[in-house]
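Trainee: I should like to learn how to read a ligand site and a pocket. May we work through an example together?

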Amino acid sequence: MADPVAGPDAAAGPAGYDAIIIGAGISGMYQLHRLRELGMRVLVLEAGTGVGGTWYWNRYPGARFDSESYSYGYFFSKELLAEWDWTEHFSPQPETLRYLNHVADRFDLRRDIRFQSRVAAAHYQDATRDWDITVEDGSRFRARFLITAIGPLSAPTMPRIPGVETFQGEAYHTARWPHAPVSFAGKRVAVIGTGATGVQTIQEVAKTAGHLTVFQRTPNWCAPLHNSRIDADEMARIRARYPEIYQRCQETFACFMHTPDPRGTFEVSEDAREAFWEKLYAEPGFGIWQGNFRDMLTDRKANALVSDFVARKIRQRVKDPAVAEKLIPKNHGFGTRRVPLETRYYEVYNQDNVTLVDISETPIERITPTGIRTSGAEYAFDLIVYATGFDAVTGSFDRIDITGAGGKRLKDRWKQGPETYLGVMVDGFPNMMMLMGPHMALGNIPRSIEHNVEWVTDLMRHLRSRGVTRVEATPAGVTAWTDHVKSLGVGLLSNEVNSWMTGVNSNVDGKQVRIINRYSGSAPAYRAKCAEVAAGGYRDLALA
Ligand code: NA7
C-alpha cells in the first residue's frame with residue numbers, strides 16, 4: 001500500500017517536513033520566509049485559494065486598516081519598504097490584499113504553500129516526536145514542528161438566532177464575503193452587528209442601499225478615522241521616515257504610532273482637557289484611544305469624563321436625539337472595547353434610507369424566510385449582512401482536532417480559558433508553536449507578528465544547532481505566564497467589560513465563561529521577557 005503520509009522525503013523517514021505552518025496570512029507568510037532561510041523544509045497549509053489571511057477573507061464593503069498603512073506593513077525587508085507605495089493613510093482591503101500578494105511573489109512564497117487545504121486534525125506522535133497533520137480533503141502530512149498561524153480572528157460566528165438557515169434572500173457573513181461584487185442598489189438590506197466590522201460595512205452600504213436597517217445589540221464608542229490619500233511626494237517623505245516610524249512602533253505600548261499621554265486626566269485644567277480631546281478627535285487614527293491621558297482606562301472618573309466628551313460629539317452629529325441616545329454606549333466606557341474608527345458613520349443615521357433598531361429593547365426572535373422578526377416588528381429584506389464577529393483567539397484552535405502528548409486534546413486543556421507560555425507554547429503539546437496565539441500582545445498586529453516570528457525562528461535555530469528534536473513548555477512556566485497575564489488585567493476597566501478580548505461569546509457553546517484572551521501588558525515588556533528567555537538559553541523550556 002502506498003504511504004498516505006505525504007512529504008518531500010516521506011519515504012526517507014517519519015518527519016516529512018521540518019515544519020508545517022497552518023495559515024498563509026501575515027504571520028504564516030513571514031514564518032515561511034524565515035524558516036526557509038534556516039534551510040528548513042517547510043510547508044504551509046492554507047484553507048483559502050490565496051494568501052493574505054484576514055485580508056483574504058474579510059472582503060466586505062468598506063474593510064480597511066484602522067492603523068496607519070505605513071506602520072502596519074512588514075518592516076523586515078528594506079527592499080520591500082523601498083518598492084511598495086501605499087495610496088491611502090488607512091489602506092482599503094483590496095490594496096492590502098494586493099500588497100500581501102506582492103510579498104508572496106517577491107519572496108517566492110507560493111511554491112511552499114498548499115492552498116485549499118483546511119487542516120482538520122493535528123496529532124502529536126510521541127514515538128516519532130513529530131506531528132501527523134490531516135487536511136479536510138484527506139491528505140496527510142508529517143512534520144517535526146507544527147506552527148499555528150491561524151489568526152486571532154479567523155473563525156467567524158453566525159448569531160444563534162432561530163431560522164438563520166431559512167432566509168430566502170442573499171445572506172453573507174462579513175468574514176466570508178463573496179469574491180464577486182455584491183450590489184446593494186435599491187435593495188432592502190439588514191446589517192446585524194455594530195463592532196468595528198459592522199461600522200465599516202454600514203457606512204458603505206448606506207451609500208447605495210434602497211433601505212438599510214441596522215440591528216444593534218450594543219453600541220460601541222466610535223471615533224473619526226480621518227483617512228486621506230497619499231500622493232507620490234508624501235509617500236517619499238513617509239519612506240524617508242521608515243526607520244523613525246519603526247522605532248516609534250517598537251517603543252509604544254501597543255506598537256501603534258500612538259501611545260498614552262503621560263499626563264493624568266485630572267492633572268490638567270478642564271479647558272486644557274477639552275482642547276486636548278478636541279485635537280485628538282480631529283486627528284487621524286487611534287490617537288483618541290491609544291494616545292489619550294494615561295489614566296483613561298484605569299480611572300473610572302477619568303473614563304467617565306472622556307466618555308462624556310465623545311457622547312457629546314455623537315449628540316452633535318446625530319439629528320434625532322432619540323437615535324443619538326441609542327448610539328451612545330451605556331454599559332461600558334470609552335476605549336474599554338476596541339474603538340471602531342469611522343467615516344461619517346453617525347451621519348448615516350440622519351439619512352432617510354437608514355433605520356436603527358435597538359435589539360436590546362426589541363430582541364430578534366427569529367430570521368424568517370423573508371426577513372427578520374423582532375419582539376416589536378417584522379421586517380422584510382432582500383439581503384442580510386452578518387457582522388457578528390468571531391469565536392475569537394481560541395476559536396480557530398478549537399476548530400482543529402489538536403492532540404498533544406498522550407493524545408490529550410487542546411480544546412479540553414483550554415476549556416476554562418487558554419493557558420500558555422509566552423503565548424507561544426503549551427505544556428503537553430511538544431513541538432507546537434503558536435503565532436499570535438492566546439495571551440499574546442495584540443495592538444498593531446503585524447508588529448507583534450514580526451517579533452513573534454523572529455523569536456520562534458531564533459528558537460528553531462537554537463534547537464537545530466543542538467540537534468534537539470523535542471521542545472516543550474514546562475507546566476510551571478505555563479502556570480507562571482498565565483497567572484502573569486491574568487494579573488496584568490487587574491485594574492483595567494476593559495477587563496470588566498464583555499468583548500472578544502475579555503468576555504463571553506453568546507454565539508459559541510462552552511464560551512459562556514469569561515475568557516481573558518490577550519496579554520494586556522506593554523509590547524516592550526513582552527519583548528523584554530521573550531528576550532530574557534532566549535538569552536538564558538531557553539532554560540525555561542524542556543528540550544530533549
Ligand atoms: P465584534 O467586535 O465581536 O462585533 C460583533 C458585533 O456583532 C457586535 O456588535 C455584537 O454585539 C454583534 N452580535 C454578535 N452576536 C450577535 C447576536 N447573536 N445578535 C445580535 N448581535 C450580535 O466583531 P467585528 O468583526 O466587528 O470586529 C472584530 C475585530 O476585527 C475588531 O475588533 C477589529 O480589531 C478587527 P455585542 O457587542 O456582542 O452585543
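Trainee: Which residues come nearest the ligand?

Mentor: A word on the source: this is a predicted model, in which local features need pLDDT of at least 70, side-chain atom pairs count only at pLDDT 80 or more, and totals for chains, interfaces and linings use all residues. Residues are numbered from 1 along each chain as its sequence is written, and side-chain values use heavy atoms, with hydrogens and water left out. A residue is near a molecule if one of its heavy atoms lies within 4 Å of it. Around the ligand there are 19 residues, and Thr197, Arg217, Thr218, Trp500 and Asn507 come nearest.

Trainee: Which side chain has a polar atom 2.9 Å from a nitrogen atom of the ligand?

Mentor: A polar contact is a pair of N or O atoms within 3.5 Å. The side chain in question belongs to asparagine 507. For oxygen atoms of the ligand, an N or O atom in the side chain of arginine 217 is at 2.8 Å, and one in that of arginine 338 is at 3.0 Å. The protein covers 82% of the 780 Å² of accessible area that the ligand has on its own (Shrake-Rupley method, 1.4 Å probe).

Trainee: Which helix gives the largest share of the lining of the second largest pocket?

Mentor: Rolling a probe the size of a water molecule over the atoms shows where empty space is left. On a 1 Å grid over the protein atoms alone, a pocket is an open set of points where a 1.4 Å probe fits, with protein on both sides within 12 Å along at least five of seven lines; lining residues have an atom within 4 Å of a point. Here H6 supplies three residues, the largest share.

How values were computed: A polar contact is a pair of N or O atoms within 3.5 Å; within protein, one must be able to donate a hydrogen and the other to accept it, and residues adjacent in sequence count only if both atoms are side-chain atoms. Helices (H or I, at least four residues) and strands (E, at least two) are DSSP runs, numbered from the N terminus.
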